[in-house]
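Biologist: Got a minute to go through this one with me? Let's start with the cysteines.
Modeller: Sure, put it up.

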Amino acid sequence: MEDVLDVYQRPYDPMRPVVCLDEASRQLLGDARPPQSMEQGKPRREDSEYVRNGTANLFMCFEPLSGWRHVEVTDRRTALDFAHVVKDLLTVRYPEVEKVVLVMDNLNTHKASNLYEAFPAAEARALGERLEIHHTPKHGSWLNMAEIELSVLARQCLDRRLPDKAFLTAEAAAWEERRNTAQVQVNWQFTTADARIKLSKLYPYVLP
């Protein structure tokens, strides 16, 4: 925990940006019957019955100090999907930086070694050398600021039926553009000193 909190206290360094990564699954639901359009004096109405159209996965990459984020919609959340998201992060968004300081949870797909499953060894090695990885502790995913952005995305954009992956991708892209244009940041206040006081019960007691 303290490792991640110390990373969040670092001053902004454009050559070593701190990026938080997380993902969430989204169920795709269509209408069993066409909804009734809104009319004067009548709200829009939709039937309670719906059609299941499978699921999609959303990868959230979020740089809290610059107010940049990107949502990548994929069919699944495998090690290969993770590897391609990381490559895109390093080669498209941050091609010139020394390292990307990547904060994420301990999901089994969140490993630099998974790059070798997706790319030739030399390429995987080069990508991995440009990562500085910090994992949140078990049961400590709340320390990942990408989770905050996923929560905002769910409330502002995904709180309705989304029938298919294409529609979800378009909606997420529109939300992303608005947030990035506004450069919405996260001002993280919880520090290691705070943790040692407020979460003192989690620390081992050392006899004097």
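Modeller: First the cut-off: a disulfide is a pair of cysteine sulfur atoms within 2.5 Å. Also keep in mind that this is a predicted model.
Biologist: Fine. How many disulfides by this rule?
Modeller: The count comes to zero.
Biologist: Why no bond for C157?
Modeller: The closest cysteine sulfur is in C61, 17 Å from the sulfur of C157, so the two are too far apart for a bond.
Biologist: And C20, how far is its sulfur from the closest cysteine sulfur?
Modeller: 9.9 Å, and that closest sulfur is in C61. That is too far for a bond.
Biologist: Is C20 buried or exposed?
Modeller: C20 counts as buried, because its relative accessibility is 0%. C157 is at 3%, so C157 counts as buried too.

Biologist: Change of topic. Which elements make up the chain?
Modeller: Seven helices and five strands. From the N terminus the order is α-β-β-β-α-β-α-α-β-α-α-α.
Biologist: What size of box do the C-alpha atoms fill?
Modeller: Roughly 70 × 45 × 30 Å along the principal axes. The chain has 208 residues, and 40% of them count as buried.
Biologist: What share of the contacts comes from residues 24 or more positions apart?
Modeller: 74%, taken over contacts in the chain with a separation of 6 or more.

Biologist: Now the sheet. What is the strand order?
Modeller: 3-2-1-4-5, in an open sheet with mixed pairing. Strand 3 (68-74) and strand 5 (131-135) are the edge strands, and each pairs on one side only. From one strand to the next, the twist averages 30°.
Biologist: Take strand 4. In which sense does it pair with strand 5, parallel or antiparallel?
Modeller: Parallel, over five bridges; strand 4 covers residues 100-104. L102 stands opposite I133 in strand 5.
Biologist: And how many bridges join strand 1 and strand 4?
Modeller: Three, again in the parallel sense. One pair to look at is V18 with its bridge partner V101 in strand 4.
Biologist: How many residues of strand 4 are buried?
Modeller: Five of its five.
Biologist: Which residues sit on which side?
Modeller: V100, L102 and M104 are on one side, V101 and V103 on the other. Both faces are covered, and these residues are all buried. As a rule, side chains in a regular strand alternate between the two faces of the sheet.

Biologist: Which strands does helix 2 lie across?
Modeller: Strand 1 (18-31), strand 2 (50-63), strand 3, strand 4 and strand 5. Helix 2 spans residues 79-93 and runs at about 40° to strand 2.

Biologist: Let me pick L58. Where is it placed?
Modeller: In strand 2. L58 counts as buried, because its relative accessibility is 2%.
Biologist: What does L58 touch?
Modeller: Leaving out residues up to four places away in sequence, the contacts of L58 are D22, E23, A24, R26, V71, E72, V73, L150, L153, L158 and L168.
Biologist: How far apart are L58 and L168?
Modeller: 110 residues in sequence, but 9.4 Å in space, C-alpha to C-alpha.

Biologist: Next, empty space. How many cavities of 30 Å³ or more?
Modeller: One. The largest cavity has a volume of about 40 Å³.
Biologist: What lines the largest cavity?
Modeller: R10, P11, Y12, D13, R16, P17, V18, E63 and L65. V18 is also the residue whose bridge partner in strand 4 is V101.

Biologist: Last topic, backbone. Which phi values should I look at?
Modeller: Start with H139. Its phi is near 65°, a positive value in a residue other than glycine. Most residues other than glycine have a negative phi.
Biologist: Where is H139 found?
Modeller: In the loop between strand 5 and helix 5 (145-156). H139 counts as exposed, because its relative accessibility is 73%.
Biologist: What is phi of Q183?
Modeller: Near 50°, also a positive value in a residue other than glycine. Q183 is in the loop between helix 6 (165-182) and helix 7 (192-198).
Biologist: Is Q183 buried or exposed?
Modeller: Exposed, with a relative accessible area of 51%. The cut-off for exposed is over 50%.
Biologist: Good, thanks.

Note on methods:
Residues numbered from 1 in each chain as written. Predicted model: local features only at pLDDT ≥ 70, side-chain atom pairs only at ≥ 80, totals over all residues. Heavy atoms only, no water. Pairing = 2+ DSSP bridges. Helix = DSSP H or I, 4+ residues; strand = E, 2+ residues; numbered from the N terminus. Axes fitted to C-alpha atoms, helices over the stretch in contact; angles between N-to-C directions. Contact = heavy atoms within 4.5 Å. Buried < 20%, exposed > 50% of the residue type's maximum accessible area, 1.4 Å probe, protein only. 1 Å grid on protein atoms, 1.4 Å probe; cavity = no way out; pocket = protein on both sides within 12 Å on 5 of 7 lines; lining within 4 Å. Points joined across faces, edges and corners; volume = space filled by probe spheres on them.
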